[in-house]
Structure formats: C-alpha cells, structure tokens
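User: I have a structure open and would like to go through it with you in small steps. Could you help me read it?

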Amino acid sequence: MNRTGATPAAGDHPDSSSTSSSVQLLGLPADARVLILNCDDLGTHPSINATVSAAVQQGVASSTSLVVPCPAAGEALRLLRAAPEVPFGIHLTLTRDGPAHRWAPISAPAQVPSLVDEHGLAARVWLDPARSAARRRGLPVLDHEFVDSFALDVDGEAERYLQLLRELPAGLSEWAVHPAVGPETAAEADLGWAVRRSDHDFLLSPRAREVLEEEGIVVLDHRPSREVWNAAGATREQ
C-alpha cells in the first residue's frame with residue numbers, strides 16, 4: 001500500500017472537458033489507482049470514536065469525518081487533539097441517522113428552519129451539479145462511483161471489499177466506511193452495528209493491507225485535493 005497524506009473530492013465519472021485527470025492534478029501518474037478510505041460518523045457514539053481512531057492509526061483507513069451535532073462529538077474532539085496525526089474533516093450533517101437519534105443543528109432551529117423538521121435535522125441535498133462544475137474548472141474530483149459500506153450486503157462483505165480492491169480502476173475513488181465494535185442495545189439498534197463490526201474487521205485485517213500492497217493502490221486522505229482546490233482559489237483571487 002502506497003500511502004500518502006485531497007476539499008472533499010467528489011464526482012462519478014471522468015469528464016472529457018478536463019485536460020488532466022484527477023490523479024494527475026494530485027501529482028500522480030494518469031494510470032494510478034488512488035483510494036480515499038474515509039471512516040464516517042466520528043462523534044456518533046463512544047464505540048465508534050475508539051474504533052475509528054484505531055482504523056486510521058493501526059488499520060488501512062486514511063481519514064475520518066466528524067459529525068458535530070452528535071452526543072459523542074466532544075469526546076471525538078479530545079481524541080483528535082491527542083492524535084494530531086489522524087487526518088479529519090467535518091461531516092456535512094443535514095440528516096439524523098435514525099429514529100432513535102434526534103440530532104439537532106448547532107445553530108438554534110429558528111435560525112435554520114429550512115434544515116429541520118419536528119425531529120431535528122432533516123434536509124436533503126444533491127451534489128452532482130457541483131461535482132460536474134468542479135471538474136470543468138480542472139479541480140480533482142472522484143472519477144468513479146462513491147462506495148458506501150451501508151450499501152453493501154453485510155454477508156460476505158470482507159470478500160466483497162477485497163474483490164473491489166482488486167478491480168479498482170485507475171483514477172480517484174473514495175469509500176465511506178463505518179467501523180465500530182460496540183455492543184448493540186435496543187435504543188441503538190438503528191446505528192447498524194453489524195455493518196460497523198464488519199467494516200472494523202476488514203480495515204484492521206492483515207489481508208486488506210496485503211491486497212492494497214499487491215495491487216499497488218495509493219491510499220490518500222483529503223489533504224492533497226484540498227491543497228489543489230485552495231491553490232486554485234488563491235489564483236482566482238490574484
């Protein structure tokens with residue numbers, strides 16, 4: 001596994017209007033197979049916090065995203081302060097995770113009425129127009145379909161991950177993984193513990209690291225793309 005230290009990259013398929021591929025914009029060969037393995041949901045639950053930290057520091061995950069409105073966000077921030085080597089960003093949180101989790105916005109609901117319903121955060125957004133616009137501007141965005149671990153069948157998930165790694169195409173890809181090992185309770189059943197445990201087992205498995213190495217896949221976090229986006233913004237302001 002070739003691992004290096006990307007504003008969140010987004011998109012789905014290469015656009016012929018772009019003169020350079022996303023990986024070339026990141027300083028890599030056009031045929032490089034690049035994967036962002038981001039651990040989602042930091043701050044959602046104490047077990048998730050601990051497992052995400054291990055998946056990035058000891059496993060093959062490259063970064064994490066903090067869900068600020070959640071009850072364990074304060075603990076997550078303390079973990080991040082204690083481990084400054086863990087790359088992280090802010091999870092844009094416009095929905096709650098399930099019926100048992102009534103996350104509220106950080107701002108007073110009266111100040112953001114378009115984002116809430118009677119239960120808390122409830123807005124929906126679609127990002128595809130922005131992805132296409134960014135690609136036309138020559139900015140690095142994802143070249144392939146975004147993979148969310150909750151969209152995979154939990155039965156046989158580990159083998160499916162290994163298959164996806166072997167089949168990973170050239171270009172920039174991103175997977176959102178959700179590791180945790182905490183015990184499920186009735187009140188927390190909708191946090192999807194079976195998927196989270198499976199993700200944990202995969203991310204910390206020796207086999208995952210071996211296949212990344214065998215396939216020559218470059219694992220990145222979001223910082224290289226962010227640098228390109230920031231440089232493009234500075235150039236426009238000059």
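User: Which residue forms a salt bridge with Arg-33?
Analyst: Before the answer, please keep in mind that this is a predicted model. In it, Arg-33 forms a salt bridge with Glu-215, and the closest N and O atoms of the two are 3.0 Å apart. The pair links distant parts of the chain, since Arg-33 sits in strand 2 while Glu-215 belongs to helix 7 (residues 206–215), with the two positions 182 residues apart.

User: And is Arg-33 buried or exposed?
Analyst: Arg-33 has a relative accessible area of 16%, and because the cut-off for buried is under 20%, Arg-33 counts as buried. Its partner Glu-215 comes out at 24% relative accessibility, which means that Glu-215 is classed as partly exposed.

User: How many salt bridges does the structure hold?
Analyst: The structure holds five salt bridges. Among them is one between the side chains of Asp-41 and Arg-196, which meet at 2.8 Å, N to O. Asp-41 lies in strand 2 and Arg-196 in helix 6 (residues 193–203), so this pair ties together parts that are 155 residues apart in sequence. Both Asp-41 and Arg-196 are buried.

User: What does Asp-221 form a salt bridge with?
Analyst: Asp-221 forms a salt bridge with Arg-223, where the closest N and O atoms are 2.7 Å apart. Asp-221 is buried, with a relative accessible area of 2%, whereas Arg-223 is partly exposed at 32%. There is also a network of salt bridges that links Arg-207, Glu-210 and Glu-214.

User: Where is His-222 found?
Analyst: His-222 is found in the loop between strand 9 (218–220) and helix 8 (223–237). At 19% relative accessibility His-222 counts as buried, because the limit for that class is under 20%. The side chain of His-222 makes a polar contact with the side chain of Glu-174, at 3.3 Å.

User: Let's move to strand 8, then. How many of its residues are buried?
Analyst: Strand 8 (residues 171–177) is mostly covered, and seven of its seven residues are buried. In a regular strand the side chains alternate between the two faces of the sheet, so it makes sense to look at each face separately. On one side of strand 8 are Gly-171, Ser-173, Trp-175 and Val-177, on the other are Leu-172, Glu-174 and Ala-176, and all of these are buried, so both faces are covered.

User: Which strands pair with strand 8 in the parallel sense?
Analyst: Strand 2 (residues 33–42) pairs with strand 8 in the parallel sense over seven bridges, and in this pairing Ile-36 stands opposite Glu-174. Strand 7 (residues 147–148) also pairs with strand 8 in the parallel sense, over two bridges, and here Asp-148 stands opposite Ala-176.

User: New topic: which residues form a nonpolar patch on the surface?
Analyst: Val-68, Phe-88 and Ile-90 form such a patch, and together they have about 270 Å² of accessible area. Ile-90 has its place in strand 4 (residues 88–90), and since its relative accessibility is 58%, Ile-90 counts as exposed.

User: Last one, on the cysteines: how many disulfides does the count come to?
Analyst: The count comes to zero disulfides, the rule being a pair of cysteine sulfur atoms within 2.5 Å. As for burial, Cys-39 counts as buried at 0% relative accessibility, and Cys-70 is buried too, with a relative accessible area of 5%.

Conventions
Residues numbered from 1 in each chain as written. Predicted model: local features only at pLDDT ≥ 70, side-chain atom pairs only at ≥ 80, totals over all residues. Heavy atoms only, no water. Buried < 20%, exposed > 50% of the residue type's maximum accessible area, 1.4 Å probe, protein only. Patch = residues over 30% accessible without salt bridge, like charges linked within 9 Å, V, L, I, M, F, W, Y side chains within 5 Å. Areas by Shrake-Rupley, 256 points an atom, 1.4 Å probe, with all protein chains shown as cover. Salt bridge = Lys/Arg side-chain N within 4 Å of Asp/Glu carboxyl O. Helix = DSSP H or I, 4+ residues; strand = E, 2+ residues; numbered from the N terminus. Polar contact = N/O pair within 3.5 Å; in protein donor to acceptor, adjacent residues only side chain to side chain. Pairing = 2+ DSSP bridges.
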